[in-house]
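These are my notebook entries on a single protein chain. I began with one helix and then turned to the annotated sites, the overall fold and the backbone.

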Amino acid sequence: MPITPATATHRSSNGTAEPILLELVDENGATIGTAEKLAAHQPPGQLHRAFSVFLFDEQGRLLLQQRALGKYHSPGVWSNTCCGHPYPGEAPFAAAARRTYEELGVSPSLLAEAGTVRYNHPDPESGLVEQEYNHLFVGLVQAPLRPDPEEVGATAFVTPDELAERHAKDTFSSWFMTVLDAARPAVKELTGPSADW
C-alpha cells in the first residue's frame, strides 16, 4: 500500500535525501529488518508492515478514496480511507493517524485498532506485489476533508449498498476486500447494527 512515489525520498535531520525504508517482518509480525520501498514490492515481494484505515461519518457511511493518477502503484483505483507503511520504528497507530492527515487533511475524531491481516496480492497492472502484514484501524471523521491532490483523486462516503454498486462497476485496489473483510467485526462494533456493515 504505497504512500509516496517509487522514486521518493525523505529528508534526514542533516538535510540529505534518503530512500524510504519499510519494516520487514516475519509471519508473526516481528520486525526482522528493513528494505527500500520499491525493492520490497518487486516480485515475489518481501513481507513488510503496513496499515489500513477505515473512517466513517456520523451516519455510518464509509469514506473511500480514489488514489491519485500520479501514484506509481494502483493509480486511479478506489480503496479504503487511507493506507500506507509505517517508517521503521514508527508505531502503526501513529503512522495511520499521520498519513490520514497528510492525505486527507483531517484527523480522525476516533481511531481504534481493529486487528491485523496478512496477505499476498500481486498487482497485474504494475507487476508489483503487496506482501503485507497489515494493521487495521477503524474510526470516525467529523471535520471537512482537505485532500492532497497528489495523493487523492476523489473521495466518497458510501453505505454498504452503495459500496456494492460501486464495487461492481469501478476498479478497486487488489487489497480492498481483504482488509475490509478483516476489519468488519470492528466496523460493525463501531457503526452499530443500523449501518448494516
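**Entry 1: Helix H4**

I looked first at the axis of H4, which bends by about 55° at Arg184, with a proline, Pro185, following within four residues. I note at once that the model is a predicted one.

I then compared the length of H4 with that of a straight helix. Helix H4 covers residues 176-191, and a straight helix of 16 residues would span 22 Å at 1.5 Å a residue. The end C-alpha atoms of H4 are only 19 Å apart.

Which residues of H4 are buried? I found Phe176, Val179, Leu180, Ala183, Ala186, Val187 and Thr191. I next asked what these buried residues pack against. Their partners are strands S5 (48-56), S6 (62-67), S7 (78-79), S9 (110-122) and S10, together with helix H3 (160-169).

Just after H4, I recorded a positive phi of about 85° at Gly192.

**Entry 2: Active-site annotation**

I consulted the UniProt record, an unreviewed entry, which lists Cys83 and Glu132 under "active site". The two are spread over 50 residues of sequence but cluster in space, with a largest C-alpha distance of 11.6 Å.

I located Cys83 in strand S8, which runs over residues 82-84. Is Cys83 buried or exposed? Cys83 counts as buried because its relative accessibility is 4%, under the 20% cut-off.

I located Glu132 in strand S10, residues 129-140. Glu132 is also buried, with a relative accessible area of 0%.

**Entry 3: Binding-site annotation**

I returned to the unreviewed UniProt entry for "binding site" and found His41, His48, His85, Glu130 and Glu132. These positions span 92 residues in sequence, yet no two of their C-alpha atoms are more than 12.0 Å apart, so they gather at one spot. Glu132 appears in this list and in the active-site list as well.

Which side chains does Glu132 contact? I found a polar contact of 3.0 Å between its side chain and that of His85. A second polar contact, likewise listed at 3.0 Å, joins the side chains of Glu132 and His48.

I then examined Glu130, which is placed in strand S10. Its relative accessible area is 0%, and therefore I entered Glu130 as buried. The side chain of Glu130 makes a polar contact of 3.3 Å with the side chain of His41.

**Entry 4: Asn134**

I stayed with strand S10 and looked up Asn134, which lies there. Asn134 has 0% relative accessibility and so counts as buried. What does its side chain contact? I recorded a polar contact of 2.9 Å with the side chain of Tyr119.

**Entry 5: The chain as a whole**

I counted four helices and 11 strands in the protein chain. The radius of gyration is 16 Å, close to the 16 Å that the globule rule gives for 197 residues, so the chain is as compact as a globular protein of that length. Along the principal axes, the C-alpha atoms fill a box of roughly 50 × 30 × 30 Å.

What share of the 197 residues is buried? I noted 50%. I also checked contacts between residues at least 6 apart in sequence, and 67% of these join residues at least 24 apart.

**Entry 6: Backbone exceptions**

I closed with the backbone angles, for which a general expectation applies: most residues other than glycine have a negative phi, and most peptide bonds are trans.

Where does the chain hold a cis peptide bond? I found one from Pro43 to Pro44, with omega near 5°. Pro44 sits in the loop between helix H1 (37-41) and S5.

I also recorded Asp196, whose phi is near 70°, a positive value in a residue other than glycine. Asp196 belongs to the segment after H4. Is Asp196 buried or exposed? With 58% relative accessibility, Asp196 counts as exposed.

Note on methods: Residues are numbered from 1 along each chain as its sequence is written. This is a predicted model: local features need pLDDT of at least 70, side-chain atom pairs count only at pLDDT 80 or more; totals for chains, interfaces and linings use all residues. Side-chain values use heavy atoms; hydrogens and water are left out. UniProt positions are given in the numbering used here, feature names are shortened, and annotations may be inferred rather than shown by experiment. Helices (H or I, at least four residues) and strands (E, at least two) are DSSP runs, numbered from the N terminus. Buried means under 20% relative accessible area, exposed over 50%, partly exposed in between (1.4 Å probe, protein chains only). A polar contact is a pair of N or O atoms within 3.5 Å; within protein, one must be able to donate a hydrogen and the other to accept it, and residues adjacent in sequence count only if both atoms are side-chain atoms. The expected span of a helix is 1.5 Å times one less than its number of residues. The bend at a residue is the angle between axes fitted to the seven residues ending there and the seven starting there. Contact means heavy atoms within 4.5 Å. The radius of gyration is taken over C-alpha atoms; the globule rule is 2.2 Å times the number of residues to the power 0.38.
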